[in-house]
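Please load the model in your viewer and keep the sequence panel open beside it. The tour below proceeds by selections, each followed by a description of what is there.

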Amino acid sequence: MIRSHAIRISIAVALVVIATGVVSRARDDAGDLIKRGKRALDAGRVAEADSSFARAAVLGRGDDHDEAVFLRAGVVRSGQEAETLYRELAEGNPDGRYADEARLELAKIQFATGRYEGAYGTLHDANACDHSEEACLFEGMSAVMLHRYNDAIPVLQNIRKGQAKVWATLSLAEAMDGAGQHDDACDRYEALARARVSPAAWYRYAECLEKRGDRDGARREYQALGSAFPQTPEAIRAAEKLNATAPATPPPAPEMAAPEAAPRSSGYTLQFGSFADRDNAMKLAADIKQTYPAVRIDSELINYKEVFRVRIGFYPTRDAARRAGEEMAKLINQPYTIMPVPSKP
């Protein structure tokens, strides 16, 4: 009887040891899968990385599980699926190691898709700005988009370094302008203009001078903006401002036939490249300029990052743009995309 009891105890101990080993191996497997997924991601094998992170999320526990979910959210193709994964971490484990990062990424998706109320609430309700200047930036920008200028100002004032400082200063100036603090807003626009880091701020500083009645000062700023940031949308608008107040003189003869220089109404333009790096956009534009001097670079803020697009012309119909694009593509050996252009306000 004693021997039978001892056998039962030994079996129980063995089962505990085996179970512990299985859990340990599962955790080890999750860690290995995460490492494997990171290596695949570094090598550009996104689908393989996604598969590894998904399996690690199933096998892992605690931080391993959360890390796998967070990494997978960054590689899935569906924005909706990424949002679901980030929300799982932010709401399912709000005190977890990856909760703050997941909350920020969730707010970025909400901001990028125009859900400013959601982005603001995601960050503000969790006091995310206390832990991250980037969270302050998105909370502040969301508040500006919602016209909650007095809520935006103290949040944006927390940002003191890095590229986020530029966007925060611009958003802070917009908030101050919206809150009626026009002189303070113009001072911040001027600081950005003098630093030559934001054509949008420079254009708004010139507008400040114009509103104050300093037309000569405004003209000087519009001219300087056009020289410092040629072919940007702000430079085009600055040129329009200058032309509107310039004496009536005949325009210089064009070097060659070129598409219309600026849009008058809704229509289409031809796009030959889109880049996150301005230098790459400038290289392509320089190549195209040898054949088509009217090539330009439009910039746009996408998810708080500037994107540079190499474009030519403005056309009233898609068919007119297509005919011009086919002819240009033959001469410069570059593919093109027809892009809609909204009407000017």
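What follows is a walk through a predicted model, beginning with the whole chain and moving on to helix pairs and single residues.

**The whole chain**

Start with everything displayed as a cartoon, in which 15 helices and four strands can be traced. If you then colour by accessibility, 40% of the 345 residues of the protein count as buried. Among contacts with a separation of 6 or more, 53% are between residues 24 or more positions apart.

**Helices H3 and H4**

Now select residues 63–73, which form helix H3, together with residues 79–92, which form helix H4. The axes of H3 and H4 come within 8 Å and cross at roughly 155°. Because angles over 145 degrees count as roughly antiparallel, H3 and H4 are described as roughly antiparallel to each other, and their crossing is left-handed. Show the side chains at this contact: H3 contributes His65, Asp66, Val69, Phe70, Arg72 and Ala73, while H4 contributes Glu81, Ala82, Leu85, Tyr86, Glu88 and Leu89. By class, the contact of H3 with H4 has seven nonpolar, one polar and four charged residues.

**From H4 to H5**

Keep H4 on screen and add residues 99–112, helix H5. H4 and H5 pack at an angle of about 145°, their axes being 8 Å apart, and the crossing of this pair is left-handed. On the H4 side the contact is made by Gly79, Ala82, Glu83, Tyr86, Arg87, Leu89 and Ala90, and on the H5 side by Ala99, Ala102, Arg103, Glu105, Leu106, Ile109 and Gln110. Sorted by class, the contact of H4 with H5 comprises eight nonpolar, two polar and four charged residues. While these side chains are displayed, look again at Ala82, Tyr86 and Leu89, which are among the H4 residues in the contact with H5 and are also among those in the contact with H3.

**From H5 to H7**

Hide H3 and H4, keep H5, and select residues 133–145, which make up helix H7. Here the packing angle is about 30°, with the axes of H5 and H7 10 Å apart; H5 and H7 are therefore roughly parallel to each other. H5 passes H7 in a left-handed crossing, and the contact is made by Leu104, Lys108 and Phe111 of H5 and by Glu134, Ala135, Phe138, Met141, Ser142 and Met145 of H7. The residues of the contact of H5 with H7 divide into six nonpolar, one polar and two charged.

**Ser142 within H7**

Centre the view on Ser142, a residue of helix H7. Is Ser142 buried or exposed? Its relative accessible area is 0%, so Ser142 is buried. Draw a distance from the side chain of Ser142 to the backbone of Phe138, and you will find the backbone oxygen of Phe138 2.7 Å from a polar atom of the Ser142 side chain. Not counting residues up to four places away in sequence, Ser142 touches Phe111, Tyr116, Ala119 and Tyr120.

**Loops on either side of H8**

Move next to His147, which is placed in the loop between H7 and H8. His147 has a positive phi of about 65° although it is not a glycine, and with a relative accessible area of 57% His147 is exposed. Most residues other than glycine have a negative phi.

Continue to Lys161, in the loop between helix H8 (149–156) and helix H9 (163–178). Lys161 is exposed, with a relative accessible area of 61%. A distance drawn between the C-alpha atoms of Lys161 and Glu133 reads 8.6 Å, for residues that are 28 apart along the chain.

**Glu221 in H12**

Select residues 215–228, helix H12, and within it pick out Glu221. At 11% relative accessibility, Glu221 counts as buried. Which residues is Glu221 in contact with, leaving aside its neighbours within four places in sequence? Show Arg194, Trp202, Tyr205, Ala206 and Leu209, and the set of contacts with Glu221 is on screen.

**A last stop at Asn333**

Finish at Asn333, in the loop between helix H15 (318–332) and strand E4 (337–341). Asn333 has a positive phi of about 55° and is not a glycine, and at 67% relative accessibility Asn333 counts as exposed.

Terms used:
Residues are numbered from 1 along each chain as its sequence is written. This is a predicted model: local features need pLDDT of at least 70, side-chain atom pairs count only at pLDDT 80 or more; totals for chains, interfaces and linings use all residues. Side-chain values use heavy atoms; hydrogens and water are left out. Axes are lines fitted to C-alpha atoms, for helices over the stretch in contact, and angles run from 0 to 180 degrees between N-to-C directions. Helices (H or I, at least four residues) and strands (E, at least two) are DSSP runs, numbered from the N terminus. A crossing is left-handed if the near helix is turned anticlockwise from the far one by less than a right angle, and right-handed if clockwise. Contact means heavy atoms within 4.5 Å. Ala, Val, Leu, Ile, Met, Phe, Trp, Tyr, Cys and Pro count as nonpolar, Asp, Glu, Lys and Arg as charged, and the others, Gly among them, as polar. Angles under 35 degrees count as roughly parallel, over 145 as roughly antiparallel, 65 to 115 as roughly perpendicular and the rest as oblique. Buried means under 20% relative accessible area, exposed over 50%, partly exposed in between (1.4 Å probe, protein chains only). A polar contact is a pair of N or O atoms within 3.5 Å; within protein, one must be able to donate a hydrogen and the other to accept it, and residues adjacent in sequence count only if both atoms are side-chain atoms.
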